[in-house]
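Here is a structure to look over. Take a moment with it before reading on.

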Amino acid sequence: MLLAIGAVVLLPLAREYADFRRSWGLGRAGALATTALVLPAFAVSFALSLPLASQPALQWAAIVGATLVVYSLAVRAVENAVEPAG
């Protein structure tokens with residue numbers, strides 16, 4: 001079960017890392033740092049979902065949804081900072 005969950009999480013992140021290297025021209029450290037933004041996104045989402053702790057299924061659904069949103073916003077901000085002006 002843990003391997004399946006790991007594959008569902010780690011494979012897309014590995015693709016994101018490769019995309020950051022290829023499309024954005026980031027180095028290893030930059031691509032890894034950008035990909036690692038998923039960790040603080042998860043932490044924020046977990047904190048926001050604490051009021052739902054009495055309903056674990058709803059809490060995890062909220063965590064997953066909020067993590068996707070927060071991570072996407074963070075990556076968009078990095079993308080805007082990396083893109084050359086003009």
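The questions below deal with a pocket and some aromatic rings in this predicted model.

Q: Which helix gives the most to the lining of the largest pocket?
A: The largest pocket has a volume of about 500 Å³. Of its 16 lining residues, those closest to the centre include Val 9, Val 38 and Leu 68. Helices α1 (2–23), α3 (38–49) and α4 (56–82) each supply at least two lining residues. With eight residues, the one that gives the most is α4.

Q: How many residues in the lining of the largest pocket are nonpolar?
A: The lining splits by class. Two residues are polar and one is charged. The nonpolar residues number 13.

Q: Is Trp 24 buried or exposed?
A: Trp 24 forms a tilted aromatic pair with Phe 20, 4.6 Å centre to centre and 45 degrees between the planes. Phe 20 has a relative accessible area of 2%, so Phe 20 is buried. Buried means under 20%. Trp 24 is at 19% relative accessibility, so Trp 24 counts as buried.

Q: What kind of pair do the rings of Phe 42 and Phe 46 form?
A: Both residues lie in helix α3, four residues apart, about one turn of the helix. Their ring centres are 6.3 Å apart. Planes under 30 degrees apart count as stacked. The planes here are at 25 degrees, so the pair is stacked.

Q: Which residue forms one aromatic cluster with Phe 42 and Phe 46?
A: Phe 42 is partly exposed, at 35% relative accessibility. Phe 46 is partly exposed, at 34%. The residue that forms one aromatic cluster with them is Trp 60.

Note on methods:
Residues are numbered from 1 along each chain as its sequence is written. This is a predicted model: local features need pLDDT of at least 70, side-chain atom pairs count only at pLDDT 80 or more; totals for chains, interfaces and linings use all residues. Side-chain values use heavy atoms; hydrogens and water are left out. On a 1 Å grid over the protein atoms alone, a cavity is a set of points where a 1.4 Å probe fits but cannot get out, and a pocket is an open set with protein on both sides within 12 Å along at least five of seven lines; lining residues have an atom within 4 Å of a point. Grid points are joined across faces, edges and corners, and a volume is the space filled by probe spheres set on the points. Ala, Val, Leu, Ile, Met, Phe, Trp, Tyr, Cys and Pro count as nonpolar, Asp, Glu, Lys and Arg as charged, and the others, Gly among them, as polar. Rings of Phe, Tyr and Trp (its six-membered ring) pair if their centres lie within 6.5 Å; planes under 30 degrees apart count as stacked, over 60 as edge-to-face and the rest as tilted. Buried means under 20% relative accessible area, exposed over 50%, partly exposed in between (1.4 Å probe, protein chains only).
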